[in-house]
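Below is a short walk through one structure, for a reader who has not seen it before. Please keep the sequence and the 3D view open while reading.

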Protein chains: 2
Amino acid sequence: MTASANRQWLLRRRPQGPVGRVDLELARSRIPTPADGELLVRIKLLCMDPTIRNFMDADPGYKAPVAVGGVIRGMVVGEVVESRDPARSVGELVWGFGEWSDYVAGPAAQFFALPTHFGHPLPTYTHALGTIGLTAHYGLHDVARVRPGDTVLVSGAAGAVGSLVGQMARIAGASRVIGIAGGSDKCRRATERYGYDVCIDYKGDTALDAALGEAFPNGIDVVFENVGGAILEAALNHLRKNARVALCGMIARYGATEPVPGPRNLWNLVVNTARIQGFLVSDILRDAARVDTALTEIDSWIRTGRLRYDLDVRTGFENVPDIFNCLFTGAHTGRLVVQIDQDRAS
Amino acid sequence: MTASANRQWLLRRRPQGPVGRVDLELARSRIPTPADGELLVRIKLLCMDPTIRNFMDADPGYKAPVAVGGVIRGMVVGEVVESRDPARSVGELVWGFGEWSDYVAGPAAQFFALPTHFGHPLPTYTHALGTIGLTAHYGLHDVARVRPGDTVLVSGAAGAVGSLVGQMARIAGASRVIGIAGGSDKCRRATERYGYDVCIDYKGDTALDAALGEAFPNGIDVVFENVGGAILEAALNHLRKNARVALCGMIARYGATEPVPGPRNLWNLVVNTARIQGFLVSDILRDAARVDTALTEIDSWIRTGRLRYDLDVRTGFENVPDIFNCLFTGAHTGRLVVQIDQDRAS
């Protein structure tokens, strides 16, 4: 356990726009020592989530920012190698909020046991059987309250969350499931692989508003919004009476150097007695019963071939910043995860 | 019943911005004849509602626009003078969606019996015991789900709806009730007469955002939004976890010649897992039990001196356009109503 056994990605300075190599620094430090009530976790997988970009800003919104000089934070999967809490044993697999490093120590309560009894490969617990699947399930059912016959619009349709939401909406009996994605490749994947009726390419020639009018001649009941900005504004123009917008993320905002203009048509919420509801999956993570219900359903959908999910597992701790940037350039297919336990010294 | 017994205000052309005399035309016509299932109502009171300005636009949103050459529409109170529906008798007092005219004929189902058993003067049924009171009650309780201890922000605090919402929030046990209004006179009325803890003058020197931060050091649980635009954006900066924004009206939008920019900070809905819910009082008007519950409560609050309301009753059919414009210049104190039954020929 040398002073340099723990590799870490530090924030050297706050990025403007995309993250550059010069904004981050690869450092080495001593493996941390867990305090009473804490665990030491050896990290196996780092989850590349767009929201990590937010943590690099001075005002990320809902979490404390990463300090300049501090370790970048994000969701991880790992193995307990030292436990100072009776609730967890050495050798258990856990997931939770960690760091871009080989080892992380923290309160046992911030790590959750990986539901390995479902018997899937490890990366699956970062996707359909992890926070991605829970985000889709919670947002669609609890927040948007999808009902049979609803018409559903999902932005970021080929993304990790969006690809699941479209399929879950179909399973819930939606009458029409339309996606929005950037580029013809993503759109093709949305319809051919994730079962969307239609996927609108917002980078294509068609005006988004006109395309939505054609796709939803009778309007939209549910919007699952991953993007925000102009896409949200266009969606609000086609709301049906009592429509529900689940506001999951606003990727259009991440890394923006100026505030993204808001929708000019919130009046449509009054006209259609509709609502926009923001949510965070962290709100249900400690509701073990709700989580278990969702995961059990998701597992059965995977086993019966009704739910497809795609993982894009990369390797190499030293490549993490470049891999992370793929989230914003679209140079990935499926949930982006970095496996770091094969290339480490110890 | 001559061909000219029915005075009417017609839309001559669609106004740009404020309504000018040149946009409207005072005409006379024959008194209409009700068809089977219809009533003929002699109008006593015309309600001056900001939303009428919307009906004058080509795209008002949630109602068909008034046609150029057509009669301006709005809420009215009147007396049934001819009934071709068994549900209503001649002499009954009713309210409903009518016209800026002496007489209106229409389906009996579009008129509601005035709850005169509460024994208040007629104009009261256009305010606290009418759609204004129901809007405040429904928006605060059903939409915003106010709870004891909540901190509450109300824009348009000295307006008809806002003046009631502040008092109802207090009755519901809100811990802090803050208003926003334009001008020191309105703000004084909000605190001295309608019981607001503080009223922020958005036309004053103080920056709205800073004033909200001072008024709500721990954030806002409930926003009752009558105005929209910059006021909504400022409010969203101070939301608490699980905050609820009831979107009642967006007066900042009415008469605007360009779309009003939307809030740039909808991200705060995600951060705080908060929601914006649009509503229309028309959605509960046919729920007789819900309406009766609300009106019975409101009547008891009036009788016990817990709820104050102010009426600004004007007269003169020929003055209606100028009186209507007072809504937008603020040259009125209380719910603005025009009594038209004293100056008519028949």
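The paragraphs that follow begin with a sheet, go on to the helices beside it, and end with two residues. The model is a predicted one.

Start with the sheet. It is open and has 12 strands, with mixed pairing. The order can be followed from one chain into the other: β10(A)-β9(A)-β8(A)-β11(A)-β12(A)-β13(A)-β13(B)-β12(B)-β11(B)-β8(B)-β9(B)-β10(B). In this order β13(A) is followed by β13(B). At the edges are β10 (198-201) of chain A and β10 (198-201) of chain B, each of which pairs on one side only. On average, and with direction ignored, neighbouring strands in this sheet are turned by 15 degrees against each other.

One pair of strands can be examined in more detail. In general, strands of a sheet pair through backbone hydrogen bonds, either parallel or antiparallel. Strand β8 (residues 151-155) of chain A and strand β11 (residues 220-225) of chain A run parallel and are joined by three bridges. Within β11(A), Phe224(A) is the residue that stands opposite Val154(A).

Helices come next. Packed on the sheet is helix α2 (residues 131-143) of chain A, which touches β11, β12 (239-247) and β13 (275-278) of chain A. The direction of this helix makes about 150 degrees with that of β11(A). In chain B, helix α4 (residues 184-192) lies across β9 (176-181) and β10, and runs at about 170 degrees to β10(B).

Now turn to single residues in chain B. Asp299(B) is part of helix α9 (residues 288-303). Is Asp299(B) buried or exposed? Its relative accessibility is 9%, so Asp299(B) counts as buried, the cut-off being under 20%. Leaving aside residues up to four places away in sequence, Asp299(B) touches Phe118(B), His120(B) and Leu129(B). With His120(B) there is also a polar contact between the two side chains, at 2.7 Å. Phe317(B) is 18 residues from Asp299(B) along the chain, and their C-alpha atoms are separated by 30 Å.

Thr116(B) lies in the loop between β7 (111-113) and α2 (131-143) of chain B. Because its relative accessibility is 39%, Thr116(B) counts as partly exposed. Which residues does Thr116(B) touch, not counting those up to four places away in sequence? They are Leu93(B) and Tyr125(B). Between the C-alpha atoms of Thr116(B) and Glu92(B) the separation is 9.9 Å, with the two residues 24 apart along the chain.

Definitions and conventions
Residues are numbered from 1 along each chain as its sequence is written. Chains are lettered from A and ligands numbered from 1 in the order in which they are written. This is a predicted model: local features need pLDDT of at least 70, side-chain atom pairs count only at pLDDT 80 or more; totals for chains, interfaces and linings use all residues. Side-chain values use heavy atoms; hydrogens and water are left out. Helices (H or I, at least four residues) and strands (E, at least two) are DSSP runs, numbered from the N terminus. Buried means under 20% relative accessible area, exposed over 50%, partly exposed in between (1.4 Å probe, protein chains only). Contact means heavy atoms within 4.5 Å. A polar contact is a pair of N or O atoms within 3.5 Å; within protein, one must be able to donate a hydrogen and the other to accept it, and residues adjacent in sequence count only if both atoms are side-chain atoms. Two strands pair if DSSP finds at least two bridges between them. Axes are lines fitted to C-alpha atoms, for helices over the stretch in contact, and angles run from 0 to 180 degrees between N-to-C directions.
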